[in-house]
Amino acid sequence: MTVSESAPAVVAGAHESPERRNPAGAAAHPVVAGVSGSPGSRHAVEAAAMEAATRGRPLRLVHTVTWHPGAADPSWPVGDLLRGARAQAARVAPGLRITTERLEGQPLTGLLRLSRHAILTVIGDGNLNERTCLPREATAVQLAARAFGSVLVTRVADPPDGPVLVGVSGCDVTVPVLAVAFDEAARRHTGLLVVHVGDDPRRAEVLADTVALHALRSGVEARFRTLTGDPTTVLRRESREASLIVVGARGESPYHGLLGSVTQTVLHHGHGPVVIVRGAVGPDGPAG
């Protein structure tokens with residue numbers, strides 16, 4: 001149920017992304033954010049509003065309820081929750097086109113369905129940093145693993161002030177992951193640190209050239225580092241000062257429903273928000 005909509009936002013000084021140059025595609029592929037009322041959810045709403053504004057996309061805020069016959073109608077508290085989330089997003093990005101919607105069913109099911117046509121799906125992490133083991137049944141983890149497009153998992157705590165960090169392996173998945181990382185760094189006006197873990201000098205040289213070409217085209221200041229060791233340990237260490245972490249869904253096997261060990265590690269232990277890239281995302285939204 002859609003309850004409100006407004007004119008698109010204009011953010012001064014924002015990076016002009018492909019989405020801004022394609023308003024028709026922008027309307028078809030919004031930024032989607034899950035709303036629950038928790039502190040993590042409120043942070044996710046703010047992050048989603050900024051993502052939508054800098055991309056020139058509308059924002060779609062959704063809350064899912066499970067209603068059983070005979071139970072009290074949840075419409076009123078849900079309506080207040082969504083109106084509050086909409087007001088919060090509007091404060092972050094005045095003029096942003098925002099719609100709110102109540103869905104019935106399980107939260108994960110609704111967000112997965114909406115992720116088919118979203119340019120980005122945003123959700124709070126549910127305090128993953130505080131868990132001893134990564135809870136694979138958590139909504140944020142399941143969404144990151146099973147969404148049809150890219151997912152941004154936010155944290156309650158403010159992120160560090162460092163650069164955007166992206167881990168690359170040199171496989172075919174590297175190209176869309178690098179593209180997202182450079183776009184995020186450009187829109188956030190931060191530098192970019194590209195980390196490759198491996199001992200193949202030829203692969204490292206090709207990656208360095210690819211990074212240099214992306215940097216030249218985008219105007220983003222990028223550093224490329226080749227490190228050795230266990231990839232999960234290296235990326236966890238390098239992510240401590242990152243303002244945003246960008247990773248592929250599953251290294252060289254980006255199949256729907258799977259998360260690689262590196263992605264699981266940064267979701268669990270990374271201090272900053274994490275973008276999980278799945279598939280190619282062009283100016284018209286998710287592929288496929």
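Glutamine 142 lies in helix H5 of this structure, which is a predicted model. Leaving aside residues up to four places away in sequence, glutamine 142 touches Leu108, Arg136, Glu137 and Ala147. One of these partners, leucine 108, stands 34 residues away along the chain, yet the two C-alpha atoms are separated by 7.5 Å.

The contact between glutamine 142 and leucine 108 belongs to a helix pair. H4 and H5 pack at an angle of about 30°, and their axes are 10 Å apart. Because angles under 35 degrees count as roughly parallel, H4 and H5 are roughly parallel to each other. The crossing in which H4 passes H5 is right-handed. On the side of H4 the contact is made by Leu108, Leu111 and Leu112, while H5 contributes Thr139, Gln142, Leu143 and Arg146. By character, the residues of this contact of H4 with H5 divide into four nonpolar, two polar and one charged.

Behind these helices is a sheet. Ten strands form an open sheet of mixed pairing, in the order E3-E2-E1-E4-E5-E10-E9-E6-E7-E8. Its edge strands are E3 (98-104) and E8 (222-227), each of which pairs on one side only. On average, and with direction ignored, neighbouring strands of this sheet are turned by 20° against each other. Both helices pack on the sheet, as the table sets out.

| Helix | Residues | Strands touched | Angle between directions |
|---|---|---|---|
| H4 | 107-115 | E1 (31-34), E2 (59-65), E3, E4 (120-124) | about 150° with E2 |
| H5 | 139-146 | E4, E5 (151-154), E10 (274-277) | about 160° with E4 |

Strand E4 therefore appears in the list of strands touched by H4 and again in the list for H5, contact here meaning heavy atoms within 4.5 Å.

Elsewhere in the sheet, strand E6 (residues 164-168) and strand E9 (residues 244-248) run parallel and are joined by three bridges. Within this pairing, valine 164 stands opposite leucine 244 in E9.

Valine 164 also leads to another helix, since it is among the residues touched by alanine 185. Alanine 185 lies in helix H6, which spans residues 174-188. With residues up to four places away in sequence not counted, the partners of alanine 185 are Val164, Thr190, Gly191, Leu192 and Val220. Is alanine 185 buried or exposed? Its relative accessibility is 1%, and so alanine 185 counts as buried, the limit for that class being under 20%. Between alanine 185 and proline 163, which are 22 residues apart in sequence, the C-alpha to C-alpha distance is 7.6 Å.

How values were computed
Residues numbered from 1 in each chain as written. Predicted model: local features only at pLDDT ≥ 70, side-chain atom pairs only at ≥ 80, totals over all residues. Heavy atoms only, no water. Pairing = 2+ DSSP bridges. Helix = DSSP H or I, 4+ residues; strand = E, 2+ residues; numbered from the N terminus. Axes fitted to C-alpha atoms, helices over the stretch in contact; angles between N-to-C directions. Buried < 20%, exposed > 50% of the residue type's maximum accessible area, 1.4 Å probe, protein only. Parallel < 35°, antiparallel > 145°, perpendicular 65-115°, else oblique. Left-handed = near helix turned anticlockwise from the far one by under 90°. Nonpolar A, V, L, I, M, F, W, Y, C, P; charged D, E, K, R; others polar.
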